[in-house]
Amino acid sequence: MGVTHHGRTHRLDLADPTLREWECTVLAADPEQGIVLDRSAFYPGGGGQPPDHGVLLWQGVQTRIVGTRKGDDLYLLPAEGDPLPPAGTAVTGAVEDERRSLLMRTHSGLHVLCGVVFRDFGALVTGGNMEPGEARMDFNLPEVPPDFKARLEDLVNQEVVADRRVEVRVLPRDQALALPDIIRTQSNLIPADEQEIRIVDITGLDVQADGGTHVASTSQIGKVQLVKVESKGKANRRVRIRLAA
């Protein structure tokens with residue numbers, strides 16, 4: 001559950017992060033719970049990546065999707081006042097391309113940042129969050145050199161320009177956890193009952209357990225700007241990034 005399916009919904013977003021439009025059927029629709037589809041490319045949010053927005057088109061009607069909720073099923077949350085397609089209705093789903101594409105670039109940019117900080121400074125991630133085009137990541141990094149901000153920005157953009165492949169695979173739990181340094185967070189956030197683990201591999205730089213959507217190569221991220229490096233406690237440093245337009 002979670003890698004290919006969530007409840008009754010087949011997760012198209014993880015199978016093909018470039019998919020923006022698809023045909024599907026409504027399995028359930030409730031104004032309180034939300035809408036459940038048999039197939040969905042809406043990323044539901046998680047790991048710091050916000051959920052997708054988009055629309056459902058059916059019988060000449062449009063239902064805007066403004067969020068998701070995870071429970072026993074994957075529930076799509078309609079905009080207030082929008083009509084709900086009844087169960088059994090054939091609908092066309094469409095993800096808002098600009099938002100998703102920018103989130104994919106941002107998420108991959110954070111993985112490059114994480115890979116560089118781990119490789120060159122030996123620090124693990126203690127937290128993070130992202131919005132389209134900007135993000136922050138916290139690291140267990142007690143000391144930083146005076147030129148840390150400029151140096152880190154240069155190192156990150158070197159990896160972006162290197163056009164490293166971003167590859168995704170799903171491994172059995174034991175095999176995934178046997179990979180060196182697969183957990184880049186200070187705490188292991190992988191659920192104990194998760195038997196399959198999705199791995200995102202920026203070839204030659206960063207290999208992590210991750211459930212989000214990513215670009216196909218680092219050059220698609222675009223230039224990364226380090227906006228600020230902040231101290232958030234004795235050993236914690238917060239790095240804020242923004243993608244150039």
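User: Which residues does Val224 touch, and what makes each one a contact?
Analyst: This is a predicted model, and in it Val224 touches Glu153, Val156, Asn157, Val160, Ile241, Arg242 and Leu243, with residues up to four places away in sequence left out. They count as contacts because heavy atoms come within 4.5 Å.

User: Where does Val224 stand in the largest nonpolar core?
Analyst: Val224 is among the members that touch the most others, together with Leu113, Phe139, Leu152, Val239 and Ile241, in a core of 32 residues. Two or more residues of this core come from each of α2 (97–121), β10, β11, α3 (148–161), β13 (196–202), β15 (224–231) and β16. Helix α2 gives the largest share, 9 residues.

User: What makes the other core a second one?
Analyst: It is separate from the largest core, and its 14 residues include Leu12, Ile35, Ala41 and Trp58. A core is a set joined through side-chain atoms within 4.5 Å, so a set without such a link counts on its own.

User: How do you know that the span of α2 agrees with what a helix should have?
Analyst: Take the 25 residues of α2 at 1.5 Å a residue: the expected span is 36 Å, and the end C-alpha atoms lie 35 Å apart, so the two agree. Just after this helix comes Gly122, with a positive phi of about 70°.

User: And how do you know that the span of α3 agrees?
Analyst: The 14 residues of α3 should span 20 Å, and its end C-alpha atoms are 20 Å apart, so the check works here too. The buried residues of this helix are Phe148, Leu152, Leu155, Val156, Asn157, Glu159 and Val160, and they pack against α2, β15 and β16.

User: Why is Ala150 called exposed?
Analyst: Ala150 lies in helix α3. Its relative accessible area is 56%, and exposed means over 50%, so the label follows. Along the chain, Ala150 and Asp210 are 60 residues apart, and their C-alpha atoms are separated by 28 Å.

User: What makes Pro145 partly exposed?
Analyst: Its relative accessibility is 27%, and the class runs between the buried limit of 20% and the exposed limit of 50%, so Pro145 counts as partly exposed. You will find Pro145 in the loop between β11 and α3. Leaving aside neighbours within four places in sequence, Pro145 is in contact with Phe121 and Arg151.

User: Why is the phi of Gln59 worth pointing out?
Analyst: Most residues other than glycine have a negative phi. Gln59 is not a glycine, yet its phi is positive, at about 50°. Gln59 sits in the loop between β6 (54–58) and β7 (61–70). At 69% relative accessible area Gln59 is over the 50% limit, so it counts as exposed.

User: Where is Asp163, and what is its phi?
Analyst: Asp163 is in the loop between α3 and β12 (166–172), just after α3. Although it is not a glycine, Asp163 has a positive phi of about 55°. With a relative accessible area of 40%, which falls between 20% and 50%, Asp163 is therefore partly exposed.

User: How do you know whether Ile65 is buried or exposed?
Analyst: Buried means under 20%, and Ile65 has 1% relative accessibility, so it is buried. Ile65 is in strand β7. Ile35, Phe42, His53, Gly54, Val55, Leu56, Leu76, Leu77 and Pro78 are the residues it touches, not counting those up to four places away in sequence. Gly54 is 11 residues from Ile65 in sequence and 5.1 Å away in space, C-alpha to C-alpha.

User: Which residues line the second largest pocket, and what is their makeup by class?
Analyst: The lining is made of Asn129, Met130, Glu131, Glu134, Ala135, Arg136, Val227, Arg240, Ile241 and Arg242. By class that gives 4 nonpolar, 1 polar and 5 charged residues. Glu131 and Arg136 are counted as charged because Glu and Arg belong to that class. At least two lining residues come from each of β10 (125–131), β11 (134–140) and β16 (236–243), and the pocket holds about 160 Å³ of space. Ile241 is one of its lining residues, and Val224 touches Ile241 as well.

Terms used: Residues numbered from 1 in each chain as written. Predicted model: local features only at pLDDT ≥ 70, side-chain atom pairs only at ≥ 80, totals over all residues. Heavy atoms only, no water. 1 Å grid on protein atoms, 1.4 Å probe; cavity = no way out; pocket = protein on both sides within 12 Å on 5 of 7 lines; lining within 4 Å. Points joined across faces, edges and corners; volume = space filled by probe spheres on them. Helix = DSSP H or I, 4+ residues; strand = E, 2+ residues; numbered from the N terminus. Buried < 20%, exposed > 50% of the residue type's maximum accessible area, 1.4 Å probe, protein only. Expected span 1.5 Å × (residues − 1).
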